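Visitor: I'm new to looking at protein structures. Could you walk me through how to read charged side chains?

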Amino acid sequence: MNTAPEVDRRMLEALVEHWLPQAKGRRLLLVHGRYVDGDREFGVTTKEHRCRVRVADQRSLLGVLEAWQDHQREYGADADTLLVVTTDVPDEQFGWDLLAYAVRGRVLSVDRVQIIAGRFGARDIDPRIRQEPWLIDALLDAEPAEGWPRTGSVLTRDRAIQALIRVRLGHAALGEDAMDIGTLLDFSLDTAATTRFAALPAAERDGLAEWLTHAVGDAAGLLLRLAAEGRAADAMPLGLVGTAAVGANASTAAALAFGGLLGGVRPEQLGAFTEAVEGALERWISQAESGSRHSDSAREKVLAVTRRAEELATQAGLTTYLADNRFLPSAFTARLHTVATALIAALDGSGELSAAEDALSAVRAHHLARLQSDRVRAVDMAMRLTRWLTLPVPEPTSVAEAIQRHNTEWAWVDRALTTLWAGDPAGDPVLGQAYQVVCRAVRERRTILDEAFAKHLVNWTKHASIDDPGGCLLIEQVLDRVAAPLVKQKVPLIVVLDGMSGAVAVELAEQLTERAWWEAAPEENRIAAVSAIPSVTRASRPSLLTGTLTTGDQTVEKDGFAAYWKRHSNGRHSGRLFHKADIGGDAGHRLSDQLLEAMADESVVVAVVLNTIDAALDHGREGDRTGWQPRDITYLPELLDAARNYGRPVILVSDHGHVLDRADGTPVPAEGVESARWRLGEPGTGELMLSGPRVLFGEGSVVVPWREDIRYTSRKAGYHGGAALSEMAVPVLVLVPSLDILPNEWKELTVDHVTPSWWQRRVEQPTPPAPVERKPKATRRAAKERPGEMPLFTVGGHDEPEGRAERLSLGQRVVAGDVYAGQRAFIPKAPDKKVVAAVIDALVDAGNRLPLHAVAEIAGRAGRRPEFFATILQRLLNVDGYPVLSVDGGRWVTLDVDTLCLQFGVTRD
C-alpha cells in the first residue's frame, strides 16, 4: 500500500456510515490511514443503525491485535460498539484469524472523493473534483458542524465550490444560489471573513479566485487578490479612486499615480471593478434612504468607504483628478462651494442666477447629497431665498394685502430663513459666509416689508372692526367664516396651535398633505386672520374661541366657545373646548375618554388647545430647530388620527404668530414694559403706537415694535406681542379627509397652487412638435383596429422624421432604447414615448424633483388621476424594482438620474 493518508473524525464517520449497513455483525473496521484527530470515541447514526465508535491508531500488526483483544475484553459481543483501527500495516501481513472479524474481511482504503460525495448525500461525483486536490482537501477540512447541504444524486463541481464559499467567505458572499459582485463587495467589508480567506492555503485561494472570476467576472479576481494581500477593507475605496485611471477623463498621469496604490491591473479589469463598486454604493445609498432597519448600517458603510477613498486619493495625489467623482466627499464639498460662490455672484450682480441653479443641480446629482439631506436642505433654502431676492417685491399698499402676501409668500421666506440661519450642518466656513450674505439680504428686505406693513397698521387699527375690517379676516371672525360653513357638512375638529407662525404653518401643511389629507379653503388661496393687539395669547386666543374681541383666561375661552355654538346653531350643535389638562388619557390611553366621546358625537364641535410651539419659544427649544413636524407637537398626531377615524375636517389655526431670536438683538431699555414685545409709553426707533378698538390692553393704546430684533425682556427662543407681520398674521389651515365634505364654492388647494413660484426652479413646459402630415397607408393591422379605440395616453403629432441632426435629449434616448421597449411591452396602453421623454426631461431641468400635479400637467393629464399616471411611469422606469422614479407622500415626483442612466444604458447630457 502507499503511504498512509491522514484521516480525521469526519472521514471515519463517513466510512462508518457507508460500511455499517454491510457489517453483518462484525465489530472491527480496519482502515489504511493515520488518525490525526483528538476524539477517540464518538457516536455514529444512520437511518437503520446506531453505534458507538472507538478509534485506535496502530503502526504494527501486534498493536492492532492488542487493540482488538482489549476491545473484546471490555465490550464482548456488544453489537452497538465498533472498533476502528487506523494503520499502515500492509494487507498481506494480516492473518485470516483477524480479518474474519473485520468488516469486508480486509483493510479498507480511504477514498477521499467518495467520502465527500457521501457527506453531500450524493451517490456519484463530478470527475473534475478528483483532478483538483485543493478542492478535495478544502471540502474535507471545511465541513461545517451541521454537515454539508444535501445535493442531488451527483455532486457537481459548481455545487461543491458554492458550498465551500459559504463556509470560507461567509453567507454574505453568496446569495441564494446566485453569486454577483455586489455580494462579494459586501464580503470585502467583513473583517473576520476576509481574514479567514487570507489565511487559507494558497492553492485554495487561487482555486476559489479562479472560479469566482469565471462566475462573476474580472472584478472578482481583483477583489480576492486584495483580500489575499490583507487589503480587503481597501477594495471598495480603491474602486472609487480607480475611476481616475479608467474614467471618461482619465489621464496618463492619473493612471501612473493610481498604480502606486494598486499595480498590475488590466484596464478592463479595473473598469469592471470600479463600475461594480459604484453600483454597490448606489444600492447601499438606496437602502439608506429606504428607512428600513438596515438604513443606518447602509449609510455608515457608504460613508466609511467614501472617507477611506478620500484618504487614498489624497495619499496618491489624485484628488484633483477626481473632482467630478459622484461619491467622494471632496467632490461633494467642491460642488457646494461652487453653489456658494454662484449665490454671492447672483446677489452682487457679477453672475447669473442660472449659474447658481446649475451648480445646485450638480450638488443634487452627487450621491452623497442623498445621505446629507440636512446640508442639501440648507443649500436649497439659500437658492430659494436668492431667487426671491432677485425678483421685484413691491411694498404692500394695505394691511389686507400685506397679510395675504405674507401668508402666501413671505411666510415661505421666513421658513427658508429659519433653516438657513442655522448655517451648514457640517459647519463649512465657505458655505457659512455665503449663507450669511443671503440671510442679511433677506433680513433687509423683510425689514422694509415689515415697516411698510406697520405704517398701514397704525391707521387701520384706529378704525378696524367686524363691520369695517378693511378687507381683512379678523381673529374673531374665524369661527364665522371658516368653522361655521364646515359644520353644515361635517362638524370639524379645531386645533389651536398657540404661537404657530406662518412659517410653521407652511411646513406643517406640506407634510400633512403628503399624508393623505387634502387642503382646502373658502377662496382661491390660503387664508390668514389678523390677531388682536397686542399679539399675545390673553387677547387673541379668547377672541378666536369666543368669536368676540375680548380678553380672558381658560374659563372665558371654554364658556365662550360653548356659547358661540349654542348661539349660532339654534341648538343643533354644541361646542366643547379642551385645554392641556383635559387632553391626556388614563394609563394605557393617549387621549382622554371625554375628548374621544366628544369626537364621536356628530353634534359636538370640538376644539383643542396645544401649547407646544408657544412653550418651545418660552423655554428655548425653538432656537435649535430648523423646522417643525407634526410629531414634534404633543398630541397632534393622535388628534389627527382621531379626526380621520371620525371623518372630521380639521382646522389648524393659531392665535398669533411669533418672531425668532436671531442672536443679533439686545434688550431695549424702556418704560412701561408689560411683555417681551409690547409696552406703554412713547414709541422710539423701530416702534409704533397703536390705538383703537382692537387694542385690548393699555386702555386702548400700546407701544409695539415692528422690527423683529427689538425685545424688552431677557433672551428667549422667540417672542410675540409686537407688530411684525410674522406676529400679526394668524395662519388658518383647513384639512379634510375627503373632498366630498367640502362646502359649495370651497376650493381644493393643491401643492403647486399654494407654493410660491420661486420655491422651485422655473421649468419651461415642453411644447409637443407640430404634427407632420403624412399620407395615410392602409394596412392590415390598421384595418383590424376597432373604431373609437384610443391609447390611454396620447400626444398630438406623429413620429418625427429620421435623420435629425440635433442631439436627442436624455428622455428621448431613454425611450428609444431596447430596455424601455422591454418595459413597455408589459404595460397595456402605455403612455406615448414623447410624453415619458418630456416628463424625464422636465424633471432633469427642475433638479430631478417636481410636484405630481406639474408632472401630470406636462403629460397633458392635469386633473385626471395623476397618481395613476405616476404609477404607470414607475412601472416603465423602475427596472428590476430599482427606485428610478419615486413619489414622495403622493405629492412630489423624484427622479434618480444616475440610476436611470445605469438601468437604461444611456449617458448623462
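**Reading the charges**

Guide: Sure, and keep in mind that this is a predicted model. Let's begin with a network of salt bridges that links Arg9, Glu13, Glu17, Asp39, Arg119 and Glu143.

Visitor: What is the idea behind such pairing?

Guide: Side chains of opposite charge can pair when their charged atoms come close. Here is one case from the network: Arg9 and Asp39 form a salt bridge, with their closest N and O atoms 2.9 Å apart. This pair links distant parts of the chain, 30 residues apart. Arg9 sits in helix α1 (residues 9-19), while Asp39 belongs to the loop between β3 (34-35) and β4 (41-45).

Visitor: How many salt bridges does the structure hold?

Guide: There are 50 salt bridges in it.

Visitor: Back to that pair, then. Is Arg9 buried, partly exposed or exposed?

Guide: Buried means under 20% relative accessible area and exposed means over 50%, with partly exposed in between. Arg9 has a relative accessible area of 26%, so it counts as partly exposed. Asp39, at 34%, is partly exposed too.

Visitor: Can you show me a pair that ties two helices together?

Guide: Take Arg364 and Asp380, whose side chains meet in a salt bridge at 2.5 Å, N to O. Arg364 lies in helix α18 (residues 353-365) and Asp380 in helix α19 (residues 373-389), so this pair ties together parts that are 16 residues apart in sequence.

Visitor: And how do I read the accessibility of those two?

Guide: Use the cut-offs again. Arg364 is partly exposed, since its relative accessible area is 23%. Asp380 comes out as buried because its value is 12%.

Visitor: I'd like to try another pair. Which residue forms a salt bridge with Asp414?

Guide: That's Arg446, and the closest N and O atoms of the two are 3.0 Å apart. Asp414 is part of helix α20 (residues 399-421) and Arg446 of helix α21 (residues 429-463), so the pair ties together parts 32 residues apart in sequence. Both Asp414 and Arg446 are buried.

Visitor: What about charges on the surface? Which residues form a positive surface patch?

Guide: To join such a patch, a residue needs over 30% relative accessible area and no salt bridge. In this model, Lys24, Arg26, Arg104 and Arg106 form a positive surface patch.

Visitor: Where does Arg104 lie?

Guide: Look in the loop between α3 (96-99) and α4 (112-119). With a relative accessible area of 46%, Arg104 is partly exposed.

Notes. Residues numbered from 1 in each chain as written. Predicted model: local features only at pLDDT ≥ 70, side-chain atom pairs only at ≥ 80, totals over all residues. Heavy atoms only, no water. Patch = residues over 30% accessible without salt bridge, like charges linked within 9 Å, V, L, I, M, F, W, Y side chains within 5 Å. Areas by Shrake-Rupley, 256 points an atom, 1.4 Å probe, with all protein chains shown as cover. Salt bridge = Lys/Arg side-chain N within 4 Å of Asp/Glu carboxyl O. Lys, Arg positive; Asp, Glu negative; His and termini not counted. Charge placed at Lys NZ, Arg CZ, Asp CG, Glu CD. Helix = DSSP H or I, 4+ residues; strand = E, 2+ residues; numbered from the N terminus. Buried < 20%, exposed > 50% of the residue type's maximum accessible area, 1.4 Å probe, protein only.
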